[in-house]
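Q: Could you take me through the largest nonpolar core of this model, up close, and then show me what sits around it? I'm a first-year student, so please explain the terms as you go.

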Amino acid sequence: MSRIGKAPINLADGVTLTVSDTNLVTVKGAKGELQHQIDRDIKIEVKDNEVVISRPTEQKRHKSMHGLYRSLIANMVKGVSEGYKKELELVGVGYRASNQGQLLDLAVGYSHPIVFALPDEVKVTTEMQKGQNPKVILESTDNQLLGLVASKIRSIRKPEPYKGKGIKYSDEVIRRKAGKSAAAK
């Protein structure tokens, strides 16, 4: 059996998980509600504040879905109870970030500012302190959506390896390259 798939998911206090007849999993918690459609072959049981996921056969298709759906449901449970947070850092001279509601305004070295519209499920805040790089902080209950939005923002100006300029995750380490070296005579 899948080591990830057979591990039970503990439901936090105040989190409820329901499964409809069409295998639509709904997780409700203090921070919101998330839904995900699960394959009809995968069985989900809720017992004593624990969720157990099982598969019908040892087919490769069922094995691959077993651990995947367990991880997705565990992420949904964590999202509605604690939430997820990603921090992006803008490294470069003159790089700025500001937000007006769900619109993120970035000045990252192009001739024009970049305006990025965020989905309603993602909450954005920006920090600009003197002597530090500007930061964009994204928060959401949906881990998949949060990762997608963060990677789209990062792709606007990926960090380059020579000076390290660009948009990077705050915990990301950029591998630096040496520049040109003078020719030896």
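A: Let's start right in the core. It has 22 residues, and Leu106, Leu118, Val136, Leu138 and Ile153 are the ones that touch the most other members. A nonpolar core here is a set of buried Ala, Val, Leu, Ile, Met, Phe, Trp, Tyr and Cys residues joined through side-chain atoms within 4.5 Å. Buried means under 20% relative accessible area, exposed means over 50%, and partly exposed is in between (1.4 Å probe, protein chains only).

Which elements feed this core? At least two residues each come from strand E7 (84-91), strand E9 (103-107), strand E10 (114-117), strand E12 (135-140) and helix H2 (143-154). H2 gives the most, with five residues. Those labels are DSSP runs numbered from the N terminus: helices (H or I) have at least four residues and strands (E) at least two.

Before we go on, a word on where this comes from. The model is predicted, so local features need pLDDT of at least 70 and side-chain atom pairs count only at pLDDT 80 or more, while totals for chains, interfaces and linings use all residues. Residues are numbered from 1 along each chain as its sequence is written, and side-chain values use heavy atoms, with hydrogens and water left out.

Now zoom in on Val136. Setting aside neighbours within four places in sequence, Val136 is in contact (heavy atoms within 4.5 Å) with residues including Leu88, Leu90, Ala97, Leu104 and Leu106. Leu90 is worth a stop of its own. This residue lies in strand E7 and counts as buried because its relative accessible area is 1%. Not counting residues up to four places away in sequence, Leu90 touches Tyr95, Ala97, Leu106, Val136 and Ile167, among others. Thr18, on the other hand, is 72 residues from Leu90 in sequence and 41 Å from it in space, C-alpha to C-alpha.

That brings us to the rest of the model. There is a second, separate core of 20 residues, and Ile42, Val51, Ile53 and Ala74 are among them. Val51 also turns up in a sheet: in E6, Val51 is the bridge partner of Ile9. That sheet is open, with three strands in the order E1-E6-E5 and antiparallel pairing. Strands E1 (9-10) and E5 (43-47) are its edges, each pairing on one side only. Two strands pair if DSSP finds at least two bridges between them, and E1 and E6 (residues 50-54) have two.

Follow the chain on from E6 and you meet Arg55, in the loop between E6 and helix H1 (60-81). Is Arg55 buried or exposed? Arg55 counts as buried, because its relative accessibility is 11%. Its side chain makes a polar contact of 3.1 Å with the side chain of Glu58, and also reaches the backbone oxygen of Thr57 at 3.4 Å. A polar contact is a pair of N or O atoms within 3.5 Å; within protein, one must be able to donate a hydrogen and the other to accept it, and residues adjacent in sequence count only if both atoms are side-chain atoms.

H1 itself has 22 residues and reaches 33 Å from its first C-alpha to its last, close to the 32 Å expected at 1.5 Å a residue. That expected span is 1.5 Å times one less than the number of residues. Just after H1, Gly83 takes a positive phi of about 90°, and then E7 (84-91) takes you back to the core we began with.
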